[in-house]
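Trainee: Please take me through the terms used for this model, and tell me what each one rests on.

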Amino acid sequence: MNVSDELRSLEATGIYRLASSRAAFLDPVRLLDESYRRFRLVPSAYYTRSFGPSNQGGDAQGMRPVTSPDRKKRKRKRQPKPRELNAVERIAEARHQEARPLLISAHKSLLEAKDLLEFLPGMIKGDGCIQDVQTSSENNFVELGSSWRAPLYEMTICFQKPHGQDEEGSCHVHRRSTPLFNKVISVEENDEAEGEFQSRLYILPKGSCFLMTDFKHIRDLIPDNSNNGYNLIVIDPPWENGCVHQKEAYPTLPNRYLLYLPVQELADPAGALLVLWITNREKLRRFVEDELLPSWGVKDTTEFYWLKVKSDGSLIGDLDLFHHRPYECLLLGYINVNKEAEPGPKFKFLQGSQVIMSVPGAHSRKPPLQKILSEFIPGPKPPRCIELFARELGSGCTSWGNEPLHFQDSMYFSEK
Ligand code: SAM
């Protein structure tokens, strides 16, 4: 294989920039691994959904696959007559048509990156260490946190402390117990810690911080000193959408509750970039643009797309399928940032939409964005980051939600 600089960059940093379009391919496993010293994520435990190579043939850009005449006949019989779109659906369709050229160009540039396509299947499998992820025995933090016992639950945190300089390399193990729910728990910068709870082990990245509570306690997150506000705020809400699958995966919140998220109080007064994951529903889009973002004081918004691909680079579904787009949208905007002011040397204003591509992991698990967005985040470097409705932890980030330890279970990791 002819290895390009971009592929070397993917191996080293988790990001492959596709120079011919405003797009990048990410490997979330490599990006998340940067938070760990003694552990690493097991690729087979991250890439758990079977997005095997496309067997439909046809155009890998996700346009309707080319089918044999026989298949076409059978399909035509079963398919109901397409109904006309209503007014709201027509707006959604127009939005899709606007995004389509950018998505197609991003995907085309991925298909032209032959070294990346050859690399992908191995990247998904990892070094052959296949971890059998038995999610049935996991702790259900959403349930535990809402029980009357929640204030009584404790986690025992074990962390390694190096001895003095004369005994280089050796360390003692320290243990401390702490209430698990409704309490901010921080891990020191130098090494990851291991948390024991109900016979399971959780890997806590160095320099991470989390608060596991229900929405009712969200204000406990507000920093005592506004100078400790956050420069990057990532929000992936449990939007209501009437989809049965989603109801099984996690509880949802009425959309209007999000008007009460204390976003202004979390943001650094010197400037913050806000990233909001949204669904493709037009009604939700209107609420977000007309009410939610203005109420949070978010300005200068730009839209990004997360295009989901399989291990052979083809899209996970037909690009034009109305209710099942193979992409998700995220809106990015600024709080407390004056666009007219001179930006700092390491800060660029976002300009124009971009496409991020990756092979998806578990249901609703989003790729980590901090690194790819770093040049667009105002304020100090490294930035202070917070993720709301998080299901995992990261170095230098505060994670809040009712299950931020979900993907920290040791079954997703192996020791280096
Ligand atoms: N960003 C996450 C990821 O990449 O894995 C997915 C977040 S998921 C869309 C929404 C999360 O919000 C779920 O973990 C869900 O349990 C949590 N959630 C739902 N209702 C909540 C509530 N009332 N308070 C706190 N978190 C809640």
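Mentor: Helix packing, the ligand site and two backbone features follow.

Mentor: This is a predicted model, in which local features need pLDDT of at least 70, side-chain atom pairs count only at pLDDT 80 or more, and totals for chains, interfaces and linings use all residues. Residues are numbered from 1 along each chain as its sequence is written, and side-chain values use heavy atoms, with hydrogens and water left out.

Trainee: Why are H5 and H10 called roughly perpendicular?

Mentor: The axes of H5 (residues 87–112) and H10 (residues 282–296) cross at roughly 80° and come within 9 Å. Angles of 65 to 115 degrees count as roughly perpendicular (under 35 is roughly parallel, over 145 roughly antiparallel, the rest oblique). H5 and H10 are therefore roughly perpendicular to each other.

Trainee: Which residues make the contact between H5 and H10?

Mentor: Contact means heavy atoms within 4.5 Å. On the H5 side there are Val 88, Ile 91, Ala 92 and Arg 95, and they meet Glu 282, Arg 285, Arg 286 and Glu 289 in H10. By class, this contact has 3 nonpolar, no polar and 5 charged residues. Asp, Glu, Lys and Arg count as charged, Ala, Val, Leu, Ile, Met, Phe, Trp, Tyr, Cys and Pro as nonpolar, and the others, Gly among them, as polar.

Trainee: At what angle do H5 and H6 pack?

Mentor: H5 and H6 (residues 114–125) pack at about 80°, with their axes 5 Å apart. That makes H5 roughly perpendicular to H6. Leu 110, Leu 111 and Glu 112 in H5 meet Lys 114, Leu 116 and Leu 117 in H6. The residues of this contact divide into 4 nonpolar, no polar and 2 charged.

Trainee: What makes the approach of Asn 402 to the ligand a polar contact?

Mentor: A polar contact is a pair of N or O atoms within 3.5 Å. An N or O atom in the side chain of Asn 402 is 2.7 Å from an oxygen atom of the ligand, which meets that limit. A polar backbone atom of Lys 366 lies 2.8 Å from a ligand oxygen atom, and a backbone N or O atom of Phe 215 is 3.0 Å from a ligand nitrogen atom.

Trainee: How many residues surround the ligand?

Mentor: The ligand is surrounded by 20 residues, and by class the shell has 10 nonpolar, 3 polar and 7 charged residues.

Trainee: What is notable about the backbone at Pro 382 and Ser 364?

Mentor: The peptide bond from Lys 381 to Pro 382 is cis, with omega near -10°. Ser 364 has a positive phi, near 70°. Most peptide bonds are trans, and most residues other than glycine have a negative phi.

How values were computed. Axes are lines fitted to C-alpha atoms, for helices over the stretch in contact, and angles run from 0 to 180 degrees between N-to-C directions. Helices (H or I, at least four residues) and strands (E, at least two) are DSSP runs, numbered from the N terminus. A residue is near a molecule or strand if one of its heavy atoms lies within 4 Å of it. A polar contact is a pair of N or O atoms within 3.5 Å; within protein, one must be able to donate a hydrogen and the other to accept it, and residues adjacent in sequence count only if both atoms are side-chain atoms.
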